[in-house]
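User: I would like a close look at one part of this model, starting from a single intrahelical ion pair and working outward to the packing around it. Please keep the account connected, and set that part in the context of the whole chain.

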Amino acid sequence: MWKNNLFWIAVCFSVVLFSTNAHALRLVTYLYDGETRIGAVTDDKIVDLNRAYRALLTEQGAPRPAAMAQAVVPPNMVDFLAGEERSMKAAKDAIAFVQKQQESMMRREGITKDLKAVQLK
């Protein structure tokens with residue numbers, strides 16, 4: 001029952017706002033190259049939260065970064081919202097990490113994309 005309610009909350013509110021030290025960020029569900037994922041809008045780009053968190057964990061030397069990122073910051077909104085505070089904190093950490101990296105490297109790794117290149121859902 002709660003998963004069904006959570007699904008409808010995610011459908012009704014596909015955009016969630018939260019703040020970081022820099023400014024407010026907007027969480028979105030987007031479609032890119034046939035794949036639906038969640039990300040955060042920053043300036044004129046989308047940060048793929050799952051990929052960004054995986055890159056952060058890899059940088060930190062965490063074991064099994066892909067599996068951990070999948071569990072903590074899953075690529076779909078319903079599962080992400082189910083992660084509550086832990087997922088939100090991880091997303092904020094991932095965004096802060098991306099903002100400190102070279103933009104060209106983040107694009108090459110598929111972590112950031114031009115806002116105009118994706119379809120917001």
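Analyst: In this predicted model, a suitable starting point is the pair Asp93 and Lys89, both of which belong to helix 5, where they stand 4 residues apart, about one turn of the helix. Their side chains form a salt bridge, with the closest N and O atoms 2.8 Å apart. With a relative accessible area of 31%, Asp93 is partly exposed, whereas Lys89, at 52% relative accessibility, counts as exposed; the cut-off for the exposed class is over 50%.

Asp93 also takes part in the packing of helix 5 (84-99) against helix 2, since it is listed among the residues that make the contact between these two helices. The axes of helix 2 and helix 5 come within 8 Å and cross at roughly 75 degrees. Angles of 65 to 115 degrees count as roughly perpendicular, and the two helices are therefore roughly perpendicular to each other. On the side of helix 2 the contact is made by Leu49, Ala52, Tyr53, Ala55, Leu56 and Glu59, and on the side of helix 5 by Ala90, Ala91, Asp93, Ala94, Ile95, Phe97 and Val98.

Several of these names return in the largest nonpolar core, which has 24 residues and in which Leu27, Leu49, Tyr53, Val73, Phe80, Val98 and Ile111 touch the most other members. Two or more residues each come from strand 3 (35-42), helix 2 (49-60), helix 3 (65-72), helix 4 (77-82) and helix 5 (84-99), and helix 5 gives the most, with 7 residues. In soluble globular proteins, nonpolar side chains tend to be buried together. Val98 shows how this core reaches across the sequence: leaving aside neighbours within four places, Val98 is in contact with Val47, Ala52, Met106, Ile111 and Thr112. Apart from the largest core lies another one of 5 residues, among them Val28, Tyr30, Val41 and Ile46.

Beyond helix 5, a second intrahelical pair can be set beside the first. Arg107 and Glu103 both lie in helix 6 (residues 103-108), again 4 residues apart, about one turn of the helix, and they form a salt bridge whose closest N and O atoms are 2.9 Å apart. Arg107 meets Asp114 in a further salt bridge, also at 2.9 Å from N to O. The three partners are partly exposed, with relative accessibilities of 34% for Arg107, 26% for Glu103 and 39% for Asp114. Elsewhere, salt bridges that share partners join Glu35, Arg37, Asp48 and Arg51 into one network, and the structure holds 8 salt bridges.

As for the wider setting, the protein chain comes to 6 helices and 6 strands, and from the N terminus on its elements run α-β-β-β-β-α-α-α-α-α-β-β. Of its 121 residues, 40% count as buried, and about 7200 Å² of the chain is exposed, with carbon and sulfur atoms supplying 52% of that area. Among contacts with a separation of 6 or more, 53% come from residues 24 or more positions apart. Returning to the starting point, Asp93 thus appears in two settings, as the salt-bridge partner of Lys89 and as a member of the contact between helix 5 and helix 2.

Note on methods: Residues are numbered from 1 along each chain as its sequence is written. This is a predicted model: local features need pLDDT of at least 70, side-chain atom pairs count only at pLDDT 80 or more; totals for chains, interfaces and linings use all residues. Side-chain values use heavy atoms; hydrogens and water are left out. A nonpolar core is a set of buried Ala, Val, Leu, Ile, Met, Phe, Trp, Tyr and Cys residues joined through side-chain atoms within 4.5 Å. Buried means under 20% relative accessible area, exposed over 50%, partly exposed in between (1.4 Å probe, protein chains only). Contact means heavy atoms within 4.5 Å. A salt bridge is a side-chain nitrogen of Lys or Arg within 4 Å of a carboxyl oxygen of Asp or Glu. Accessible areas come from the Shrake-Rupley method with a 1.4 Å probe; for residues, only the protein chains shown count as cover. Axes are lines fitted to C-alpha atoms, for helices over the stretch in contact, and angles run from 0 to 180 degrees between N-to-C directions. Angles under 35 degrees count as roughly parallel, over 145 as roughly antiparallel, 65 to 115 as roughly perpendicular and the rest as oblique.
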